[in-house]
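Reader: Could you walk me through reading a few features of a protein model? I would like the general idea and then the case at hand.

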Amino acid sequence: MIGFPIALVFANGFEWYAHKYVLHGTPRKGQGRYSPVPRSMKSHWAHHKIVRTSDYEDLGYAEGLSNWRTRNEVVSLLALTAATTLVFPVAPFFTLGTYYAAGRYFYVHRRSHLDPEWGKKRIPWHFDHHMNTNQDANWCVTRPWFDYIMGTRVVSSPDLMESNPLGIPLPKVIEKPFNRLCRKAFPGAFRRLDERQRQEAEKAARQKQGAADTSADEGRAA
């Protein structure tokens, strides 16, 4: 049975890796981004463009499998679970864990973009992924575990941020000492987290001021 929680950690790590290197692709000097699965990268950047211009909403998910981007996501998840099925004879609970993780990924991702307020509250790390000034960060979708481990969690606002690094609601009697323990055990990681939060707030403020200045100039010109 230990295979099931191992699968959840594995899935979160794979989620981080695939999102960064497959869906976003690796930037190349003088060339477009490289992805080993170009169609998935194309689908994902189309998703980003829609979400960025519609306040985090993507109604393509409401169209079901008739939408090519949704269909591509479902097919990719089915292919991944087909691969993990190969180890079912020796690791049945691990395989079942990957099935659960894939199903939960699609449910959480789909719901968050059909119900932006739900997404903002339940998976703020993914909201930040789309709506921050830098969209090449916050790679996790279901839980922020590997963003904390890899140092890629960039918080836009303390009010929006998850209440603990697990991204799981915990009783306050457990959550407060757990957060203190995490900060004490990994002081450098949390200093970087705080610094990135400050930098993001500054960049967002400059971006907002720039937009306001442009609007004012256009108003004067008119």
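**Reading burial, helices and phi**

Author: Happy to! With a relative accessibility of 35%, Phe 93 counts as partly exposed, because that class lies between the cut-offs of 20% for buried and 50% for exposed. Please keep in mind that this is a predicted model.

Reader: Thanks. Where is the place of Phe 93, and which residues make a nonpolar surface patch with Phe 93?

Author: Phe 93 sits in helix H4, residues 92–114. Its partners in a nonpolar surface patch of about 500 Å² are Met 1, Phe 88, Leu 96 and Tyr 99.

Reader: Now for a helix. How many residues does helix H3 have, and how far does H3 reach?

Author: Helix H3 spans residues 68–85, which is 18 residues. From first C-alpha to last, H3 reaches 25 Å, close to the 26 Å expected at 1.5 Å a residue.

Reader: Which residues of H3 are buried?

Author: In H3 they are Arg 69, Thr 70, Asn 72, Glu 73, Leu 77, Thr 81 and Thr 84. These buried residues are on the same side of H3, because they cover an arc of only 165° around the axis. They pack against H2 and H4.

Reader: Glu 73 catches my eye. Why does Glu 73 count as buried, and what does Glu 73 touch?

Author: Glu 73 has a relative accessible area of 14%, and buried means under 20%, so Glu 73 is in that class. Leaving aside residues up to four places away in sequence, Glu 73 touches Tyr 61, Tyr 105, Phe 106 and His 109.

Reader: And H1: what covers the buried residues of H1?

Author: The cover includes helix H2 (38–53), H4, helix H6 (124–131) and helix H7 (145–150). Among the buried residues of H1 (residues 3–23) are Asn 12, Glu 15, Trp 16 and His 19. Just after H1, Gly 25 takes a positive phi of about 80°.

Reader: How should I read a positive phi in general, and which residues other than glycine have a positive value here?

Author: Most residues other than glycine have a negative phi. Here, Tyr 56 has a phi near 85°, and Asn 138 has a phi near 55°. Tyr 56 is in the loop between H2 and H3, whereas Asn 138 is in the loop between H6 and H7.

Reader: Are Tyr 56 and Asn 138 buried or exposed?

Author: Tyr 56 counts as buried, at 0% relative accessibility. Asn 138 is also buried, at 0%.

Technical notes: Residues numbered from 1 in each chain as written. Predicted model: local features only at pLDDT ≥ 70, side-chain atom pairs only at ≥ 80, totals over all residues. Heavy atoms only, no water. Patch = residues over 30% accessible without salt bridge, like charges linked within 9 Å, V, L, I, M, F, W, Y side chains within 5 Å. Areas by Shrake-Rupley, 256 points an atom, 1.4 Å probe, with all protein chains shown as cover. Salt bridge = Lys/Arg side-chain N within 4 Å of Asp/Glu carboxyl O. Helix = DSSP H or I, 4+ residues; strand = E, 2+ residues; numbered from the N terminus. Buried < 20%, exposed > 50% of the residue type's maximum accessible area, 1.4 Å probe, protein only. Contact = heavy atoms within 4.5 Å. Expected span 1.5 Å × (residues − 1). Arc of directions from axis to C-beta.
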